[in-house]
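Reader: I'd like to learn how to read a model like this one, feature by feature. Could we put it on screen and start?

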Amino acid sequence: MSSNENSEENLPSAQGEGEHGSVERADNPFADPGLPAHRPRVQDIDERAARRSERVVAFLFTLSMIATIAFIASYVAFPVDKIVYIFPIGHVSALNFSLGMTLGVALFCIGAGAVHWARTLMSDVETPADRHPIEADAETKAQVLADFKQGAEESGFGRRKLIRNTMFGAMAMVPLAGVMLLRDLGPLPEKKLRTTLWAKGKVLINMNTNEPLRPEDVAVGSLTFAMPEGLEEDAEDFQTQIAKAALMIVRIQPADIKDKQEREWAHEGIVAYSKICTHVGCPISLYEQQTHHVLCPCHQSTFDLSDGARVIFGPAGHALPQLRIGVNGEGNLEALGDFAEPVGPAFWERG
Ligand code: FES
């Protein structure tokens, strides 16, 4: 016995047309009129029409895949600032328009394909579901399983491989659009965290006077802040660069410098250290000239500038990086290279 026959037997309209049905309806104007008689669709009786519908559904899913590829291509091809005129909208961003259109088409085609599939090829037999107590007894579970299997069979998942495969392809590709948008999180830092503007021959510029620093400008006990020559305060990337390159300069009696490398990297007791705290990156600004300790105001990490800027107190995990300095032919203090290690916080754990 076919499912159609089964279903038609159960239709209220069929039941209602029994010997009592018409009498009941005539007596009771509120009686359930039942469902209209089932009419098979053209696809149910004509295999060529069914194949035509199958091709339409596959076409829509394929179109969705093409639209997703176009979305990715648009993202790569159109610059952010390209404006185009599109009638009747007017001037719009080419990138936004193309992303919206292609993603819209990709999603619409999946939906349209699924609806067309359901309306033309899946079983359209109406099956009454009588009310019953809400409990999943063994019989109900078996029935649900059987219905599921029947639904899967009638939907043609196994039989109509073209639809199934193109639908899986479309569903698998649409998320790629979201993956592409992850690129908007920004470019990878690459080696930018490892390097600063300091390089061999870069003159130290006093951040207060904007003039090159000379050894005689740095008095014992003073704290001076410096930046590399060529870095302008109104430059677009000034904050990015100074956040890595900011220097603090102090002069210590060479005999008081305990660390051998620090003494070699200094010039006549003038030492240059990164100003960026290695805890979470606050700028260090407090210097105690008797002890040569510098204190970070954020969480009180304390570094000993006479001993390689090692941490003597607080949460910072690493010594401050030292910049090797010398004097150029004009008598100005200059860098003899970049920092030997990345400056700032947390990079140590990441790198
Ligand atoms: S940022 Fe310097 S101690 Fe926390």
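**Reading the fold, piece by piece**

Author: Helix H4 (42–45), helix H6 (94–120) and helix H8 (161–181) are among the elements that cover the buried residues of H5. Contact here is a matter of C-beta atoms, placed from the backbone, lying within 7 Å. Helices (H or I, at least four residues) and strands (E, at least two) are DSSP runs, numbered from the N terminus. Keep in mind that this is a predicted model: local features need pLDDT of at least 70, side-chain atom pairs count only at pLDDT 80 or more, and totals for chains, interfaces and linings use all residues. Numbering starts from 1 along each chain as its sequence is written.

Reader: Which residues of H5 are buried?

Author: Buried takes 20 or more other C-beta atoms within 10 Å of a residue's own; 12 or fewer is exposed, in between is partly exposed, and C-beta atoms are placed from the backbone. In H5 the buried set is Ser 53, Glu 54, Val 57, Ala 58, Leu 60, Phe 61, Ser 64, Met 65, Ala 67, Thr 68, Phe 71 and Ser 74.

Reader: How far apart should the ends of H5 be, and how far apart are they?

Author: The expected span is 1.5 Å times one less than the number of residues. H5 (residues 47–77) has 31 residues, so 45 Å is what you'd look for, and its end C-alpha atoms agree at 44 Å apart. Try helix H7 (residues 138–155) too: its 18 residues reach 25 Å from first C-alpha to last, close to the expected 26 Å.

Reader: Does H7 lie largely in the open or is it covered?

Author: H7 lies largely in the open, because the number of its 18 residues that are buried is 0. Right after H7 comes Gly 156, with a positive phi near 80°.

Reader: Which residues does UniProt annotate as "transmembrane region"?

Author: The unreviewed entry covers 56–77, 97–118 and 162–182. UniProt positions follow the numbering used here, feature names are shortened, and annotations may be inferred rather than shown by experiment. In the model, residues 56–77 are 100% helix and 0% strand, with end C-alpha atoms 30 Å apart. Residues 162–182 are 95% helix and 0% strand, and there the ends lie 32 Å apart.

Reader: Where does the cis peptide bond sit?

Author: Go to the bond from Phe 87 to Pro 88, where omega is near 0°. Pro 88 is in the loop between strand S1 (83–86) and strand S2 (90–93), and a hairpin joins S1 to S2 through 3 residues. Strands count as paired if DSSP finds at least two bridges between them. S1 and S2 have 4 bridges, in the antiparallel sense, and Val 84 has Val 92 in S2 as its bridge partner.

Reader: What about sheets with more strands: in what order do the 5 strands of the open sheet run?

Author: Follow S3-S4-S5-S6-S11, with antiparallel pairing. Strand S3 (204–206) and strand S11 (322–323) are the edges; each has a single partner strand, so one side of each has no neighbour in the sheet. S11 pairs with strand S6 (residues 270–274) over 2 bridges, again antiparallel, and Ala 272 stands opposite Leu 323 in S11.

Reader: Which residues other than glycine have positive phi?

Author: His 292 is one of them, near 65°, in the loop between strand S7 (286–288) and strand S8 (293–295). Another is Ala 309, near 55°, in the loop between strand S9 (302–304) and strand S10 (310–313). His 292 counts as buried because it has 21 C-beta neighbours inside 10 Å, and Ala 309 does so with 26.

Reader: How spread out is the protein?

Author: Take in the parts list before the size: 11 helices and 13 strands. The radius of gyration (over C-alpha atoms) is compared with a globule rule of 2.2 Å times the number of residues to the power 0.38. For 351 residues the rule gives 20 Å, and the protein's 38 Å is well over that, so it is more spread out than a compact globule. The C-alpha trace spans about 115 × 55 × 40 Å along its principal axes. An automatic or database assignment sets the domain bounds, giving domain 1 (3–185) and domain 2 (204–350). Their C-alpha centres lie 67 Å apart.

Terms used:
Contact = placed C-beta atoms within 7 Å.
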